[in-house]
Every structure is written in C-alpha cells, then in structure tokens.
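Please take a moment with the sequence and the structure before reading on. The paragraphs that follow are meant to be read with both in view.

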Number of protein chains: 2
Amino acid sequence: MKKEVTTLKKMAQLLDISTSTVSRALNNHPDISEETTKKVKNLAKKLHYMPNIFAKGFRQHKTNIIGVIVPNILSYFISTILKEILLQAEIKGYRIIISETNNDVKKEKEMLHTMLQFGVDGILMSLSKNTVDVDPILYALNQKPLILFDKVSAKVPCTQIIINGEEAAFNAVEHLINIGKKRIAILKEFEQSYNSEKIFQGYLRALKTNNIAIDEKLILSTHDISLKKGRRLTSQLISLQEKPDAIFSITDTAAIGAIQTLHKFNIKIPEEIAVVGFSNSLNSTIIQPKLTTVDQPGNRIGEIAVNYLIKEIENPKEYLASKTIEIKTNLIIRESTLISI
Amino acid sequence: MKKEVTTLKKMAQLLDISTSTVSRALNNHPDISEETTKKVKNLAKKLHYMPNIFAKGFRQHKTNIIGVIVPNILSYFISTILKEILLQAEIKGYRIIISETNNDVKKEKEMLHTMLQFGVDGILMSLSKNTVDVDPILYALNQKPLILFDKVSAKVPCTQIIINGEEAAFNAVEHLINIGKKRIAILKEFEQSYNSEKIFQGYLRALKTNNIAIDEKLILSTHDISLKKGRRLTSQLISLQEKPDAIFSITDTAAIGAIQTLHKFNIKIPEEIAVVGFSNSLNSTIIQPKLTTVDQPGNRIGEIAVNYLIKEIENPKEYLASKTIEIKTNLIIRESTLISI
DNA sequence: CTGAAAGCGCTTACAG
DNA sequence: CTGAAAGCGCTTACAG
C-alpha cells in the first residue's frame, strides 16, 4: 500500500551530491549555486518530494501546529470563530488541532496536556464554563504561548480576546429604554460566568444611567441558559404581579424560548413585551418576529486570536505584555423591538 | 519561557541506567524488572515527563493524527459529524486536524497534500460539491487509509459512509402522498451532486410506485440551494398555472425559504401546500409551522467513519474491500405536513 | 534483566 | 560553493 517515499537522501544519491546540499537547495540557501538548486528542485518536483514534517519539526522544535480547545463545537458562534482560525492559520502555514471539552474540567485539563505532548507551537483556548482552577492553564502557559478567547479568566496572565459585553449590553438595554420600556428583565447565567457578568454589568449601568430602579424580581439567573430555560424563566416572569415590558436574554436561544412562551400566552411582541437576544445566531432571523440581537463578530475574534498567537510563537521575546483586546459588537434591530414611537 | 523539558536521557542519567531501559520501563516492556519499572515511572511522574510525540511518531512512522477535510464547518450537520469524530478519536488516542475547503477544488487538493505532508495516519473526507477530478484523492488513497463520508464519489475505491438518501426521500414523498398530496414539487441541486441525485431517485420512485405522473415543471434544480433560492424557486412554483400541493426540499434551509414565501402569499401550510425539508437542522423547530424533515444522524456517521478509519490504520492488510455503509435516517413529522385525514 | 548502538529524516555549525 | 558529521528524542534488534 504505502508508496516508496522520496527523502533527501534518495535524491542526494540520484544526483550524486550530499544530502546537506539537497536540503539547502530546497530551502533556498544562498550558498548553493543556482544550477544545483535548479537541478534539485526539478528532481524534487518530479518525484513529488514532500519533506517529512515530523523530522523537520522534531529537528527544529517547531511543529507548525496550533492547538485549539473549545467548549462546544456545535455552537454557531464558536464555529464562526473556528472557521476564521482555520483560514488564517492556513495562510500562515499552520495546521489546527481541535479539541472539545464539553465543559468538562477534567477533559479540559487532559486536552491541554495532550496538546503540549503533541508539541503544538501554541494554544488558543476558550474556557469551559465550569473552570475555576486555572492551574493547568498556567502550567501550559509556562511552556507555550497561549491565548484565551471568548470565555476567558482574569486569573490567567495572557493575551485575551473578548467582546465588549458590558458596552453591548448597555446599548441593548438603552435601546429598550429608548422605545419606551421601563421594566426590563434579564435572563442570565450564574455569577461564575465571566461573560454573563459583563453583560449584567452593562444592564445595570444602563438602568442606572437612565434612572430606572433595579427590580430583583426581573433578574433571573440559571446555570445552563437554554431554549427550555428561556421558556421556563419567561413563564415565571409573566406570572409576576407586575409583568416586565421587555426581556433581555444573554443568548439568542433563550430569547427564542422566551418568544415561544410569549406566543403561547398571546402576549404581543414587541408592544407588550419586547425581546432582545445576544449573538445574532442563524435562528434569530427564522423566529417570528425576527429577533433583535447583539451581533458578535466571531470571525474577528478568530482572526485576531490566531494572528496574535502566531506573533507570539514567532517572536517569543516580545510577548511579555498580556493585553486584553475587546472586539466591538453591533446591535441589530429587528421586529422583536420594532416600535414606531 | 520554555521550561526545561524532561527527556529519557535526563531520567537515565538521574537513575544511572541506560535510556533503553528507561524507554522500555515506560512502555511496560516485559523484560524490565518490576523494581526498575517502578523506579522509572516514579521519576517520570515526579518530573512530569511527557514523551516527545514527534520523536516517537517520527521513529515509528505513526503520528496518531487523523486529518479531516470538510467543505464547510458552519454547517450544523457537519458540526455534528465532527463532534463525534473528535469524541471517538479522543477515546482511541488520536488527535484530529481539521481543514475546510469551502467547496474550492484547488484548496481541497492542497489540503490533501498538506495532510499527507504532516504525516497523518489517515484521512476522513467529505468532498467539495465542485469536485469532479478525483485524481488527487486517488493519489492520497494510495498513500494512506482514506474514508469518504456524506459527500462521496463512486469513482474512489474506498470505504464510504453515507445516508440512505434514496430511501429517505422515498419515505418522505410517500408520507406526502399518504396525506393526500398529488402534485409534489422538489427543490434539488444540479445533477453532479451525488446526494441530491440519490434523493431525486427516491422522489421519482415514490411517485412511480404510487402511479403519480411526473411533472417536469415541479422539478427545480439549482447550483447552490440556499434560503434565498428556496424563496425564489417557491415563488416560481406558486405562479404556475397548476400549483403544487407539496414541496419537498433537499435541505431544511431551502424548505424554510419556501415556508417564508408561502407565508408571504398567505398560502396555508400544510393544507394548501405542505413542506418537507431534509436534515433536521436546529432551525426546523424554530420556523412556524415546525418543519417535517429527514433526520440524518450526524453522530452515527462520524462515529462509524472514524472507527472504520482507525481499523484501517491499525490493520493495514485487511482493508482491501471498499464497502459503502448506509446510515438509516428518520422522517420526523411536524406541523408542516400535519393534516388530519 | 540491561546496555551500546544504530537509525528514523531532517538541519546546521564547522571545515574546506 | 559543497560535504562530513553531529544531533534532535525516541525505539529496538542485537548482544551479553
């Protein structure tokens, strides 16, 4: 089955020169005469020579492989990020190894370990939502360049790429206020979720700035914010004495659950209750009414993350500074908040 | 930055034994005494020894990396497949390198090449829809185990994992006939699409079996079957003299486009026109009415594909037979065809 | 039960 | 301009 494979040595024998010369010729070493270089390259092409990347990587302590660890590959947002990481890495000559944690902390640790063992040149990582102990990450960071994106942690001193969640939420909530809403509920995750907390901060600031009192009954937290939870929490909200007049959900999925429940109870959207989601997923334009939501440019995140990482890989000296880069988001206004006033 | 890394040699020096012995101890070679083995393993643990996989792979001509090439990572169906591939590979001790072709034939060829160059142990591949020349694939197949899934080609003599598209379509169309539909339109891709053709065959067989004449006007083909195309083709259909009473789309996306257009023209679904999609995407339960569709178990495809590949990698002798494995699908009946009769 | 040595395919400092 | 040689970290056939 396996074909005879062309090596430097074989070509050297055929041309009756040394492997050193062949190697140098293929790498465009200036010392080698044009003639020899040409000769070697021609033969290489003829024999479909492919350098054995493992031998090369092994020799040079560089594999040109980047490890990517994400919680869940099924998320559209994450797929968007991955897509751009693949594209950019390709361009720069890197290959991507992907691992999924499914939010399992133990798996996350194992994967980090395996990545290092596979000799990746660097790691891009989005934390599992259950990660509290960052020691394994610090350990990895100590060995290879590592960048966190989307789900990050302030406890890890490395470059981090996130969206401007606080500001995004502020804008979304102000939009609701601008269309006349005053009792704005929020569906969020529990405190340990970094992203959720940022969004929550923006929510609070928007209310404060606009002199709207905070009503604890309108702040609902859950561990896993899903479609079903969106429905359940919404049922809870509309059974309140004083109903909300808007619902802001930190995910589109839960927002869609909210819309479904509002439909069920014949509550008019957006007149009685407006709904805003977060992430501009595909579903947000399929649901009726179309969902107002915050667009998070996954491609930008992926692009910046991988390019920073490659920079850190290729200039190991310089990356002492661990900056946090915030990517701008956009509020996309659709029918679920479209009120003519 | 980079920490001192523990190697066999270093441990050998510390224990004052040979690297051969250290290597064998770690690999549980039966020759080595229990005592030595224990001693070595303890030290290895203490120093966080991680074998250099590149040196190992390089030595053993095995990298434990599987290359996966897919057209588009954003597709939910493909993500489902990838998720299971990652999971199963992990269990079996393989790492996954992913590349995306975006249906670009030239990129597809390059990626195949790079995969080989990276020394993957085998390749899992779903063809781009524009692939006609399979020579690059035959070339790869000649070097390493390779399995095609979902988008396959009869021209490549290798194991192929597909869904039972013909049967699935047959069942879907019979379902439409059973609820009393007689003028069933189909939205499909042009002839070169293997999957689309299979589905079309099932459509034709269902009509024939039920003595329904084929009406060419109800058979619409397009190159890229998208939401927009779903809308456009549906507009076309409802402007026919004799309208269809059902639309069968080979993708959910186009089916959703169809539904949107039917809404626009106030056509009742399913009473006037029923709609069936294909793939049971997330959107299919978000759209109103919920879409009847064919569920393709991506996880099954991923699971079988990767396990067959690993089998072929590990028993290179046996895989002469290139079988085609069909995965059963399920028709999920929802509101878009729910008629009480 | 253990070790010395060769070798996987490549690169590169050194020598000429 | 070119070559001989060492070495990256590991495994394994051979020898004892």
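His61(B) counts as exposed, because its relative accessibility is 58% and exposed residues are those over 50%. This is a predicted model, and everything said about His61(B) and the other residues below should be read as a description of that model. The backbone of His61(B) also deserves attention, since its phi is near 55°, a positive value in a residue other than glycine. As for its place in the chain, His61(B) lies in the loop between α4 (53-60) and β1 (65-70) of chain B.

A second residue with a positive phi can be set beside it. Asp150(A) is not a glycine, yet its phi is positive, at about 55°, and Asp150(A) is likewise in a loop, the one between β4 (146-149) and β5 (160-163) of chain A. Is Asp150(A) buried or exposed? At 5% relative accessibility Asp150(A) counts as buried, because the cut-off for burial is under 20%, whereas His61(B), at 58%, counts as exposed.

The backbone of chain B also holds cis peptide bonds. One of them joins Ile269(B) and Pro270(B), with omega at about 5°, and Pro270(B) has its place in the loop between α11 (252-264) and β9 (274-279) of chain B. Another cis bond runs from Gln288(B) to Pro289(B), where omega is near -10°, and Pro289(B) is found in the loop between β9 and β10 (292-295) of chain B.

From the backbone we turn to the broader layout of chain A. The domain assignment divides chain A into domain 1 (8-51), domain 2 (60-163 + 298-328) and domain 3 (165-295 + 331-337). Taken over C-alpha atoms, the centres of domain 1 and domain 3 of chain A are separated by 64 Å. In an unreviewed entry, UniProt lists residues 6-60 of chain A as "domain: HTH lacI-type". Over these residues 6-60 the chain is 67% helix and 0% strand, and the C-alpha atoms at the two ends are 20 Å apart.

Which residues have the most contacts inside the largest nonpolar core? They are Phe248(A) and Phe248(B), and the core to which they belong has 149 residues. A second core, separate from that one, has 50 residues and includes Met50(A), Ile97(A), Ile123(A) and Val134(B). As a general background to such groupings, nonpolar side chains tend to be buried together in soluble globular proteins.

The aromatic rings can be followed in a similar way, and over all chains the count comes to 4 aromatic pairs. One of these is formed by Phe200(A) and Tyr203(A), whose ring centres are 5.9 Å apart and whose planes make an angle of 20°; the pair is described as stacked because planes under 30 degrees apart count as such. Phe200(A) and Tyr203(A) are 3 residues apart in helix α9 (residues 194-209) of chain A, so they are separated by about one helical turn. Phe200(A) is buried, with a relative accessible area of 12%, and Tyr203(A) is buried as well, at 1%. In chain B, Phe200(B) and Tyr203(B) form a stacked pair too, 5.9 Å centre to centre with 20° between the planes. Phe200(B) and Tyr203(B) lie 3 residues apart in helix α9 (residues 194-209) of chain B, about one turn of the helix, and both are buried.

Helix α9 of chain A also contains Gly202(A), which is buried with a relative accessible area of 0%. Gly202(A) and Glu174(A) are 28 residues apart along the chain, and their C-alpha atoms are separated by 9.7 Å.

Rings in chain B also take part in contacts with charged side chains. The charged end of Arg205(B) sits over the ring of Phe170(B), 4.0 Å from the ring centre, and the charged end of Lys311(B) sits over the ring of Tyr308(B), 4.9 Å from the ring centre.

The cysteines remain to be considered. How many disulfides does a search of the whole structure find over all chains? The search finds 0 disulfides. Cys158(A) is buried, with a relative accessible area of 4%, and Cys158(B) is buried, with a relative accessible area of 5%.

Technical notes
Residues numbered from 1 in each chain as written. Chains lettered and ligands numbered in written order. Predicted model: local features only at pLDDT ≥ 70, side-chain atom pairs only at ≥ 80, totals over all residues. Heavy atoms only, no water. Phe/Tyr/Trp six-rings, centres within 6.5 Å; stacked < 30°, edge-to-face > 60°. Helix = DSSP H or I, 4+ residues; strand = E, 2+ residues; numbered from the N terminus. Buried < 20%, exposed > 50% of the residue type's maximum accessible area, 1.4 Å probe, protein only. Lys NZ or Arg CZ within 6 Å of the ring centre and 35° of its normal. UniProt positions renumbered as here; feature names shortened; annotations may be inferred. Domains from an automatic or database assignment. Disulfide = S-S within 2.5 Å. Core = buried A, V, L, I, M, F, W, Y, C linked by side-chain atoms within 4.5 Å.
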